[in-house]
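Dear colleague,

Please find below the structure that I am handing over to you. I would be grateful if you could read the notes that follow with the model open.

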Amino acid sequence: MKETSKSRRTFLLSGLLSSLTAFGAMMLYPVWRFIMPPKVPESTQNSVKAAKVNELEPNSGKVFPFGSKPAILIRLGNGEYRAFTAVCTHLQCTVQYRKDFKLIWCACHNGRFDMNGNVVSGPPPLPLEPFEVAISGSDIIVSKRA
Ligand code: FES
């Protein structure tokens, strides 16, 4: 009788311990994944089709994905295209083109860049990285500079 009670107690304890271990792992796994996000390899993409030739009106811009980061294509009032990274050099917010200012603008802290990517005002410490723009048929291709 005592042997049966002891083996039953051992069985219940091992079941309880297994359940607690599984529950603990289930609770800690998402926390661990949040703290240690998977390594995403830096994009090796060097050029991307950013837009169609007639997609942008003069004095307008478009943010598009360039690998894992945003980039911005701007069509100036004279029809010329410019492209830059759209990642602000201050705290990495995504910039946008402001047709009223005719500048690239960062909404986070009012950072402003000219059409060469240089800082005009605000806290950004560095200019935006410029990209090459080429037209291939009906596509506008944006490439990293060599
Ligand atoms: S993140 Fe762009 S100005 Fe601060």
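The notes below go from the domains to the strands and then to the core.

The model is a predicted one, in which local features need pLDDT of at least 70 and side-chain atom pairs count only at pLDDT 80 or more, while totals for chains, interfaces and linings use all residues. Residues are numbered from 1 along each chain as its sequence is written.

**Domains**

The protein is divided into domain 1 (1-38) and domain 2 (47-144); these bounds come from an automatic or database domain assignment. The C-alpha centres of domain 1 and domain 2 are 54 Å apart.

**The six-stranded sheet**

Strands here are DSSP runs (E, at least two residues), numbered from the N terminus, and two strands pair if DSSP finds at least two bridges between them. Six strands form an open sheet with antiparallel pairing, in the order 1-10-9-4-3-2. Strand 1 (47-52) and strand 2 (60-66) stand at the edges with a single partner strand each, so one side of each has no neighbour in the sheet. From one strand to the next the twist averages 30 degrees; the axes behind this angle are lines fitted to C-alpha atoms, and angles run from 0 to 180 degrees between N-to-C directions.

At one edge, strand 1 pairs with strand 10 in the antiparallel sense over five bridges, and Val48 has Val142 as its bridge partner in strand 10. Strand 10 is also joined to strand 9 by six bridges, again antiparallel. The hairpin of strand 9 and strand 10 has two residues between the strands, and Gly137 takes a positive phi near 65 degrees there.

Strand 9 (residues 130-136) pairs with strand 4 (residues 81-85) over two bridges in the antiparallel sense. Within this pair, Phe84 stands opposite Pro130 in strand 9. At the other edge, seven bridges join strand 2 to strand 3 (residues 69-75), and the two run antiparallel. Phe64 stands opposite Ala71 in strand 3. Strand 2 and strand 3 form a hairpin with two residues between them, where Gly67 in the turn has a positive phi of about 65 degrees.

**Strands 5, 6 and 7**

Strand 6 has antiparallel partners in strand 5 (residues 96-98), through three bridges, and in strand 7 (residues 111-113), also through three bridges. Gln96 stands opposite Trp105 in strand 6, and Ile104 stands opposite Phe113 in strand 7. Along strand 6, Ile104 and Cys106 point to one face and are buried (20 or more other C-beta atoms, placed from the backbone, within 10 Å of the residue's own). Leu103 and Trp105 point to the other face and are not buried.

**The nonpolar core**

The largest nonpolar core (a set of buried Ala, Val, Leu, Ile, Met, Phe, Trp, Tyr and Cys residues joined through C-beta atoms within 7 Å) has 21 residues. Those with the most contacts inside the core are Ala71, Ile72, Leu73, Ala83, Phe84 and Val142. Strand 1, strand 3, strand 4, strand 6 (103-106) and strand 10 (139-144) each give two or more residues to this core. Strand 3 provides the largest share, four residues.

Phe84 touches several residues beyond four places away in sequence, among them Ala71, Ile72, Ile104, Leu128 and Phe131; a contact requires C-beta atoms, placed from the backbone, within 7 Å.

Yours sincerely

Note on methods
A residue is buried if 20 or more other C-beta atoms lie within 10 Å of its own, exposed if 12 or fewer, and partly exposed in between; C-beta atoms are placed from the backbone. Two residues are in contact if their C-beta atoms, placed from the backbone, lie within 7 Å.
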